[in-house]
Amino acid sequence: MKKYLIVIDQGTTSSRVVLIDSKTKIIDQDFIEIKRKDNNNSEVLTDANEILFSVNDLLKRLFQRNNLDPKLVSSISITNQRETTVLWSAKTGKPISDAISWQSKHTNYITDKWIELGYTELVFDKTGLLINPYFSASKIKHLLINNNSDINNIKFGTVDSFLIYNLSVEKNHYTDISNASRTMLFNINNKEYDDELLELFNIPKSILPKVLSNDSLYGHYQYKDTLIPIIGVAGDQQSALFGHLCTEVGESKVTYGTGCFILTNTGDKPKYSNNGLLTTIAWDLDNKTTYAMEGSVFMGGSAVGWMKDKLNLVNHANESEAMAYESNNDNVFVVPAFVGLGAPYWDNEVQGSILGLEANTSKLDIMKATLNSIAYQVADILNLMKNDTKIDIKSIAVDGGASNNNYLMQFQSDLINVNLIQNVESEITSLGVAFMAGLKLGLWKSIEEIKNLQKIKKIFVPIVDQSKTNKLYRKWRKAVEVTRMFKEEKQ
C-alpha cells in the first residue's frame, strides 16, 4: 500500500523536500540553500540551473537516506516561490538566462510604460492584479527583449513549470492555476490566458504553459525503474492557505516571515478591493475554483532584524519576546517604512520613524513597539479585507518564523479581536499541496478527516478590552500620518 507523499518546496533562498506519511506527519525533510544575485537597479536574479540541480539532489538524498521504496510513494507535489520567471530552450530544457526573481524591480521601465498607456484598470479587472514588476509579465517581456533566441524554441514558466518540464519523463509544459494567476496574463474570470493582454504586451501565447487544476496529473518522475505521479501543484501562499485548511469563506492565514502575507478565502467568486489589495485564484480542486484576497506587509520580521543589525537592540531576534513582556510602555510607536508602506497607504516616499520617545524610554520599549508595528500593519490589511469583501473574518491561522513569538501573537489577537490558531507542524506550505494530492488519490476521504489528524499547538484568544486596543490602533494611524508628513521635499 502506498503511504508516503513527497513535496518539493522551492523557495526564494532554498530548495526543500519533505516526506509526509498518511497521518500528515512529517517523517523527514532536507534543504539546500540557493544563491541570489543582487545587481544594480534593483535587479534580483537566480540561476535556474542551480534550482533544478538542488531539487534533483534533494530527491535522491531523500530516497537514499530513508532507504525509501519508490513504490510506496503516492505522489510528488510542488509548491514554489511565485512570479519568479524562467525562459528555457524547448530542445534542451536549459534556461536561456538567469531566472528573474519575484523580488526584482528592474523591469519597472516596462510596467511604468504600461501604466502610462492606461492599462491599469483593464489589467486589474481581468487579472485581479496591479501593474507591477512583481508579477511575471514584465519579466517575460524583459527577457524576450534582451535575448535573441528563436521564439519557436522558447518556453516560459514560473518555477513550478520549469521543474515539471525537467522532472517529468514526458517533458510536460504545464503550470497550475494559482501560479498562472500571478503572471498578469491570466484572466481569473474565464480562467484562460487573456488574448487582449497578450496582444497589448506583445507576448506570444505559444511560449506559455498549459494551465491545469491544482490536483491534476502533471506527469511522472522516474526514480530507478518506478514512475511516481506528479500531483498537487500550487504557489507557496495559496498552498499555505490550504495547508491551514482555510477552506471556508472568511477563513484566513497570515505568514509572518521577512514580510507578512495575508490571504482570506473569499469563496467561488472573485471579490475586488478598492484599496490596492490583490484578487487571486486560491485553488481549483474537483473542478471547483476558490478565490482569495491577498495583501502583504513589506516589513514583518525584517523590522526586528533591522533593530538587531542596525541598532544592536538584541543579539538574536528570539530575545524580542522577553523584552516586549518586560516593557510596560505603550506610548512608543515604530513605523518601519524602510521600503515605503503598502496598503492602505501605498506610499513609496515615506521613511521610517520612532515616535513617543521620553527620557526614560528603554530599548525594551522600542523592541516592543517594533513587534507591535507588525501587528498594526497586519490589522491594516485585515480591516481593508473586511471592508472590501464584506466578509467577516472567522479565524486566522498563523505560520512563519515570527508566529513563534508569543507576545506578538497575543497582541495581534487582542488588536483584531479574533482567535489566532497555531499549528504544531511548521511546514504548512508543504502540507497544502500534499493535502491536495492526498485528497485526489483517496489517501484522505475529506477535509474533515485531515482536520481530525492535525494537532493545534496553541490558540491565542483576545484577552484585552477592545476600547484599549482601539485607542492604540488610532494612535498607530496617527503615527503613520505624522511619519508620512515628514518626507524629504522633492527638488
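**Notes on salt bridges, charge and buried sites**

1. Let's start with a long-range pair: Asp347 and Arg484 form a side-chain salt bridge with an N to O distance of 3.0 Å. The term stands for a Lys or Arg side-chain nitrogen within 4 Å of an Asp or Glu carboxyl oxygen. Because Asp347 sits in the loop between β20 (333-335) and β21 (353-355) and Arg484 in helix α15, the bridge ties together parts 137 residues apart in sequence. Helices (H or I, at least four residues) and strands (E, at least two) are DSSP runs, numbered from the N terminus. Asp347 is buried at 3% relative accessibility, whereas Arg484 is partly exposed at 32%. Here buried means under 20% relative accessible area, exposed over 50%, and partly exposed in between (1.4 Å probe, protein chains only).

2. A word on the basis of these notes: this is a predicted model, in which local features need pLDDT of at least 70, side-chain atom pairs count only at pLDDT 80 or more, and totals for chains, interfaces and linings use all residues. Residues are numbered from 1 along each chain as its sequence is written, and side-chain values use heavy atoms, leaving out hydrogens and water.

3. The whole structure holds 22 salt bridges. One of them joins Arg61 to Asp30, at 2.9 Å from N to O. Since Arg61 belongs to helix α1 (residues 48-65) and Asp30 to strand β3 (residues 26-33), this pair ties together parts 31 residues apart in sequence. Arg61 is partly exposed, at 34% relative accessibility, while Asp30 is buried at 13%.

4. Glu196 and Lys126 make another salt bridge, and their closest N and O atoms are 3.2 Å apart. This pair links distant parts of the chain, 70 residues apart: Glu196 is in helix α7 (residues 195-201) and Lys126 in helix α3 (residues 120-127). Glu196 is partly exposed, with a relative accessible area of 40%, and Lys126 is buried at 15%.

5. Please have a look at Glu83 too. This residue is not a glycine, yet its phi is positive, at about 70°. Glu83 lies in the loop between β6 (73-80) and β7 (85-89) and is buried at 2% relative accessibility.

6. Lys171 is a non-glycine residue with a positive phi, near 55°. Its place is the loop between α5 (159-167) and β10, and Lys171 is partly exposed, with a relative accessible area of 42%.

7. Thr175 is part of strand β10 (residues 174-176). With 2% relative accessibility, Thr175 is buried. Setting aside residues up to four places away in sequence, its contacts include Thr158, Asp160, Tyr193, Pro209 and Tyr218; a contact means heavy atoms within 4.5 Å.

8. Back in helix α15, which also holds Thr469, what does Thr469 touch beyond its neighbours within four places in sequence? The partners are Asp414, Leu415 and Val464. Thr469 is buried, at 3% relative accessibility. The C-alpha atoms of Thr469 and Gln412 are 9.9 Å apart, with their positions 57 residues apart along the chain.

9. Helix α15 (residues 466-485) also includes Lys475, which is partly exposed with a relative accessible area of 33%. Lys475 joins Lys471, Arg474 and Lys478 in a surface patch of positive charge. For such a patch, like charges are joined within 9 Å, among residues with over 30% relative accessible area and no salt bridge.

Definitions and conventions: Patches are made of residues with over 30% relative accessible area and no salt bridge: like charges are joined within 9 Å, nonpolar side chains (Val, Leu, Ile, Met, Phe, Trp, Tyr) within 5 Å. Accessible areas come from the Shrake-Rupley method with a 1.4 Å probe; for residues, only the protein chains shown count as cover. Lys and Arg count as positive and Asp and Glu as negative; His and the chain ends are not counted. The place of a charge is taken as NZ of Lys, CZ of Arg, CG of Asp or CD of Glu.
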